[in-house]
Amino acid sequence: LKAVRFSEYGDFDVLRVEEIDRPEPGEGEVLLRVKAAGINPIDWKVLHGDLADGQPLAEPRGLGVDVAGVVEKVGPGVEGISPGEDVLGNSSTAAYAEYALSRPQMLHKKPPGLAWEVAGSLGVVVGTAYATIEALKLGTGETLLVLGASGAVGSTATQLAVARGVRVVGTAGPAKLEHVGALGATPVAYGDGLLERLREAAKEGVDAVLDTSGHSEIVAAVELKGNVERVLTIAYSPQANDLGVPFHAGGGGELTGRALQETIPLIEAGRISFPIAGVFDLGQVPDALRQSEHGHAAGKLVVVP
Ligand SMILES: NC(=O)c1ccc[n+]([C@@H]2O[C@H](COP(=O)([O-])OP(=O)(O)OC[C@H]3O[C@@H](n4cnc5c(N)ncnc54)[C@H](OP(=O)(O)O)[C@@H]3O)[C@@H](O)[C@H]2O)c1
């Protein structure tokens, strides 16, 4: 099978499309023929060695944690999922490949009408957006500040919060302010003078803050909030760390299952917008990751092997 691989941490030029053996599903595992695999910032962070604590890469590996595909084969002990079924969720082996392994508890049935590109991009984003909204325990009529309301996680969290009757103030770059407004939030441009603009947009202050951008806006956000209670970041930044803002590790397990169950019908009904900004084949993964790292994509970037 063809797979995107690298044998040392580095920039995008260390990535190669290689031919490797197709994995066999072991006990409790499912082999998927990958139809789409969403790009997430974690992929370029892993590639650059940002999570390696200075250690060299032990053996060649691939990238990609979100997946949608067709069940090709199931391993011993797998129940409730059969070859030929269309599924989506997270993979347990690198998903920028023609085949990947997963486990039934990480997968969800793909509705026939849902585009493969969307299906393959939902796991991390929907799981994380839902988990953070739950963790912030938002009530109807409260005000949430979302930093990065134009991004994949930020825009999904914004829409989930708005659907729960929460008032959202959301930051974005100049090109995305209109889009953030269309999601039901009050848009505020990031950049110099942010605190004044936030005070103007949220005259009564905010009840909670979700930082998805990982940039310096967290400083103004904490100043506006007055403390770090009900303030979370999903994107590590030195400023958030210095301020004592807790890091939230996103979804996973049953929570992501519930998140997908509740959110997919809203996406299918057009009540939650989940745009796809670009589709890439395996050879174009370096380009896709570069665009993701640039940080201003107008939706999800997706690999279709
Ligand atoms: N902890 C977890 O479990 C978890 C899970 C998922 C993601 N994450 C992390 O969350 C972050 C966002 O992920 P994503 O998939 O939503 O990324 P994304 O779609 O690329 O969104 C990036 C966001 O950052 C904003 N941004 C870019 N440059 C900025 C700047 N200079 N100042 C302020 N804002 C800026 C963008 O705004 P404009 O486009 O409007 O410029 C956009 O809203 C990443 O760091 C990712 O690793 C963590």
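Visitor: What distance in Å lies between an oxygen atom of the ligand and an N or O atom in the side chain of His296?

Guide: The two atoms are 2.5 Å apart. A polar contact is a pair of N or O atoms within 3.5 Å (inside the protein there must also be a hydrogen donor and an acceptor, and sequence neighbours count only through side-chain atoms on both sides), so this His296 pair qualifies. Please keep in mind that this is a predicted model, where local features need pLDDT of at least 70 and side-chain atom pairs 80 or more, while totals for chains, interfaces and linings use all residues. Numbering starts at 1 along each chain as its sequence is written, and side-chain values use heavy atoms, without hydrogens or water.

Visitor: Which atom of the ligand does a polar side-chain atom of His215 approach, and at what distance?

Guide: A nitrogen atom of the ligand, at 3.4 Å. For Lys176, a polar side-chain atom lies 2.5 Å from a ligand oxygen. The protein covers 85% of the 930 Å² of accessible area that the ligand has on its own (Shrake-Rupley method, 1.4 Å probe).

Visitor: How many residues surround the ligand, and which are the closest?

Guide: There are 25, and the closest are Lys45, Ser150, Lys176, Tyr190 and His296. A residue is near the ligand if one of its heavy atoms lies within 4 Å. By class, the shell has 10 nonpolar, 12 polar and three charged residues; Tyr counts as nonpolar here and Gly as polar. Helix 1 (41-47), helix 3 (123-135) and helix 4 (152-163) each supply at least two shell residues. Helices (H or I, at least four residues) and strands (E, at least two) are DSSP runs counted from the N terminus.

Visitor: How do you know which strand joins strand 14, and which way do they run?

Guide: Strands pair if DSSP finds at least two bridges between them. Strand 14 (residues 276-280) has four bridges to strand 15 (residues 300-303), and the two run parallel. Gly278 has Leu301 as its bridge partner.

Visitor: What makes Glu24 and Lys73 a salt bridge?

Guide: The term asks for a side-chain nitrogen of Lys or Arg within 4 Å of a carboxyl oxygen of Asp or Glu. Here the N to O distance is 2.7 Å, so the pair meets that rule. Glu24 sits in the loop between strand 2 and strand 3 (30-38) and Lys73 in strand 5 (residues 66-74), so the pair ties together parts 49 residues apart in sequence. By this rule the model has 12 salt bridges.
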